[in-house]
Amino acid sequence: MTSEFRMPTLGADMEAGTLVEWLKNPGDAVTHGDIVAVVETQKGAIEIEIFDDGILDSLLVAPGETVPVGTPLARIRQADEAPASEPAPAHAPAPTPTPTVNAGEKPASHPAEPPAKPREKPPEKPPEKPPEKPQAVSEDRHRIDRREKRQRPSSGPVVTPAARMLAQQHGLDPKELRGSGPGGAILKGDVEAAVTAITKESGLTATPDTGSAAPGPTDRKTAMRQAISAAMARSKREIPHYYLSTTIDMSASVQWLTSENDRRSVADRLLPAALLMKATALALKKFPDLNGTYGPEGFVPGQTVHLGWAIALRGGGLMAPGIATADEKSLSELMASLRDLVQRTRQGGLRSSELSAPTITVTSLGDVGVETVFGVIFPPQVAIAGYGSIVTRPWATGDTVVTRPTITASLSADHRVSDGHLGAMFLQTVDRLLQEPEKL
């Protein structure tokens, strides 16, 4: 059965996307999770995955076209299904039409005599020439192929629109850069890296060519701010938030991290973020009402914990891609996933599932010295957890006041799904888990 592969929504702040490149061709077999295209959004180039198994039957949108979320991009057919665009298989010659006898007209003499000769001849005729392969492709496919050829350069890597605009501003030829995108595609991050390298070599401050008429990072930043604004306005308008916070003693976690990192190489060392992510993910398994999405059908709990992590972009703006099955990953795996995610987010190499799958987001501003952060829920999720920096505070233990490393944990949650009592128990569970970091 033929299905349609549509422009996915990569978050509540996305309304449309520009198809940059197809990474598969009509006739290619595809399976769940295959990356089939690159789409440019307000937040950069995203690799789009497919969720159906089958054969890529036909492409409906050409590179360079901007289409709204939900627009069919391609058709997928089953492996045992004939291409929808191919002509019907050759069939027997059309039956000889029966002569029509008008009313009142005298039938021809010897009506019972069969017209033997005319009926026997057709089978003896040589079969019609079967259509050659190129002719078996539908006109639609030809049209798409022709458009692709017109719009795709005959040689050289693909350059995303954002990368092209930024390169133009700095007077660079993007084709001379090394791309980190799929198939060597030149991404915005590649141009930024090149500009930084040139600036360091020359000892000068990078100055964009302001005389260019092309839109630049300012427009990109404005578009991103508008997208974030729309998503957050929707969140505050539609989601009845409640907010909780608690202060957690991090002595055990800090001591364990210090000891654990002493036996690790520098590249493999853990940051407190790994502990916070794992404790959050494990606590969510006990409180599924904080882990899921809320849509027209109501609340849908997540089958597992896909933990989104808020990442600030260098040029301004914010993205919150997710780490799948965070509750099942070890601390080392979470740390590696987070490093990879931050790098790819800032270089423009995210996958669509990493933006659409998160069931909750964690935001942390501890690295910039913020002690408490109350997040705004990212629709359609129903909660966001926040962590500040680890600071040393006075801490009463029995009748004694000592100093302890502490962190403020917060929760912003959707009152349509949960209430403060459940949220408080969630934070309490996170606290308890962080007191036994060796078990995380």
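**Exercise 1. Find how much surface this predicted model's chain exposes, and what share carbon and sulfur atoms supply.**

Start with the total: the chain exposes about 23,700 Å². Next, split by atom type: carbon and sulfur atoms supply 54% of that area. Then turn to burial, where 42% of the 440 residues count as buried.

**Exercise 2. Work out which residues have the most contacts inside the largest nonpolar core, and which helix gives the most to it.**

First, get the size: this core has 69 residues. Now rank by contacts inside it, and Phe5, Trp22, Leu290, Phe426 and Leu434 come out on top. Helix α8 (residues 272–286) gives the most, with nine residues. Apart from this core lies another one, of eight residues, including Ala167 and Ile186.

Let's zoom in on one residue. Skip the neighbours within four places in sequence, and Phe426 is in contact with Thr280, Ala283, Leu284, Phe287, Leu290 and Leu411. As a bit of background, nonpolar side chains in soluble globular proteins tend to be buried together.

**Exercise 3. Explain why strand β6 (residues 54–59) counts as largely enclosed, and find which strands pair with it.**

Step one is burial, with the cut-off at under 20% relative accessible area. Six of the six residues of β6 are buried, so the strand is largely enclosed by the rest of the structure.

Step two is pairing. Strand β3 (residues 29–30) pairs with β6 in the antiparallel sense over two bridges, and Val30 stands opposite Gly54 of β6. Strand β8 (residues 72–77) also runs antiparallel to β6, joined by four bridges; here Leu59 stands opposite Ala74 of β8.

Note on methods:
Residues numbered from 1 in each chain as written. Predicted model: local features only at pLDDT ≥ 70, side-chain atom pairs only at ≥ 80, totals over all residues. Heavy atoms only, no water. Buried < 20%, exposed > 50% of the residue type's maximum accessible area, 1.4 Å probe, protein only. Areas by Shrake-Rupley, 256 points an atom, 1.4 Å probe, with all protein chains shown as cover. Core = buried A, V, L, I, M, F, W, Y, C linked by side-chain atoms within 4.5 Å. Contact = heavy atoms within 4.5 Å. Pairing = 2+ DSSP bridges.
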